[in-house]
Amino acid sequence: MKDILCDALIIGGGLSGISTALALDATGLSVTVIDRVPVETHVAAGHDGRTTAISQSSKRMLVRLGVWGALPEAPCAIEDIRVREGGSPLFLQFDHEDAGPDPMGFILDNGALKAGLYRAAASRPGIRIVSPASVERLERNGETATAILADGGRITARLAVAADGRASPTRRAAGLRTTELSYGQTAITCTVTHEQPHEHVAFEHFRPAGPFAMLPLNDAADGTHQSCLVWSERTDAANALMKLNDDEFDQEMLTAFGETLGRLHVAGRRWAYPLGLIHAERYIDQRLVLVGDAAHGIHPIAGQGFNLGLRDIAALADTIEDARRIGLDFGSAPVLEKYQRWRRFDVMTMIAATDGLNRLFSNDSAGIRLLRDAGLGLVQRIGPLKRAFMRGAMGTVGTLPRLMQDPARH
């Protein structure tokens with residue numbers, strides 16, 4: 001491979017990596033993405049039972065970047081969210097019409113999302129994808145960052161972006177420390193078919209061992225109703241559930257969830273993921289910036305992980321665009337410090353919210369259970385408070401980067 005010169009190099013070609021490439025390309029930068037997996041594998045990614053929740057503000061960003069129109073299948077809208085605490089008869093209903101005409105969010109198969117991202121990237125001449133390839137080391141100085149590949153190739157840029165996941169070898173090699181916490185929980189996720197239509201309702205049951213969520217998916221081609229299950233359990237119990245055959249697992253699901261959707265059946269493979277919190281103490285270093293899971297990983301209790309990463313990426317694009325407009329070096333320390341300051345409050349707020357919710361609901365104390373029920377009832381009755389929670393889930397509050405702003409208001 002010939003040596004490559006570009007404005008920005010991105011290590012990692014997953015959801016965050018290609019999203020970053022599209023966002024930086026939109027600012028006028030030339031971008032090179034380095035990934036271990038061949039492009040053809042990403043583009044051909046089929047339905048695999050794993051899904052991503054996309055907020056309204058994230059949808060705006062994906063529309064602007066040309067991803068929404070490149071998706072091989074339409075996302076399923078979440079119009080209502082129904083929250084229940086354990087076996088309590090009380091529940092909290094979030095109806096999207098209380099906050100406006102738009103859905104609360106969307107659920108999309110990970111394979112379809114990845115295919116849409118790569119299709120959009122293929123139409124951008126300013127984006128180059130080098131794969132399959134692995135980075136042996138990243139050399140950085142005051143002016144540039146150079147990725148040395150395993151085959152001896154060199155890619156030099158003014159800024160390197162680590163988008164290589166929670167375990168981020170790039171972050172570790174840079175000596176950026178993290179705070180990490182295991183929740184002792186494992187999430188089981190899979191596609192579930194059911195007798196009754198979900199009516200675009202997302203169900204979340206808070207149980208002592210962890211939240212149990214049933215997220216709406218589009219009906220299958222033959223009209224079968226289906227949803228995505230995200231079932232958080234204590235790790236020993238989750239391991240036992242993973243060993244059950246499908247019929248046994250179906251019965252455990254029905255016992256945990258109830259008959260709201262009729263009979264339930266697991267369709268296809270089940271995945272299990274250990275749950276934990278990880279947060280980088282710094283998101284930047286010399287000629288290096290972290291985005292997405294490389295910077296932070298949170299509990300899936302609110303379905304905000306990918307949305308939080310997209311806010312990183314949109315904020316980075318804004319910061320770079322503003323710097324270039326006034327002639328600053330977009331990879332310099334003062335510019336990257338601005339990005340870090342912008343993102344830190346939002347990330348810390350989301351970490352506190354998801355960690356707090358998980359700790360509040362993942363216990364079986366009678367006193368706390370009474371307080372939880374009272375809290376759900378209070379939010380259900382107070383309209384302004386409920387709408388505030390809804391707008392937070394939709395990602396439409398606070399100072400949003402330009403890619404995420406409502407075009408009707410600007």
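**An open sheet and unpaired cysteines**

In this predicted model, four strands come together as an open sheet with mixed pairing, and their order across the sheet is β1-β12-β11-β10. The edge positions belong to β1 (4–5) and β10 (135–140), each of which has a single partner strand, so one side of each is left without a neighbour in the sheet. In general, the strands of a sheet pair through backbone hydrogen bonds, and they may do so in a parallel or an antiparallel way. For β10, the partner is β11 (residues 145–149), to which β10 is joined by five bridges in an antiparallel arrangement; within this pairing, Arg140 has Ala145 of β11 as its bridge partner.

Seen as a whole, the protein chain contains 11 helices and 21 strands. Of its 410 residues, 53% are buried, and among contacts between residues at least 6 apart in sequence, 74% join residues at least 24 apart. The accessible surface of the protein chain amounts to about 17,700 Å², with 53% of this area belonging to carbon and sulfur atoms.

The cysteines deserve a separate look. A disulfide is a covalent bond between the sulfur atoms of two cysteines, and with a cut-off of 2.5 Å between such atoms, the count of disulfides is zero. Why does Cys228 form no bond with Cys190? Cys190 holds the cysteine sulfur closest to that of Cys228, but the distance is 7.2 Å, and this is too far for a bond. Cys228 itself counts as buried because its relative accessibility is 0%, and Cys76, at 1% relative accessibility, also counts as buried.

Conventions. Residues are numbered from 1 along each chain as its sequence is written. This is a predicted model: local features need pLDDT of at least 70, side-chain atom pairs count only at pLDDT 80 or more; totals for chains, interfaces and linings use all residues. Side-chain values use heavy atoms; hydrogens and water are left out. Two strands pair if DSSP finds at least two bridges between them. Helices (H or I, at least four residues) and strands (E, at least two) are DSSP runs, numbered from the N terminus. Buried means under 20% relative accessible area, exposed over 50%, partly exposed in between (1.4 Å probe, protein chains only). Contact means heavy atoms within 4.5 Å. Accessible areas come from the Shrake-Rupley method with a 1.4 Å probe; for residues, only the protein chains shown count as cover.
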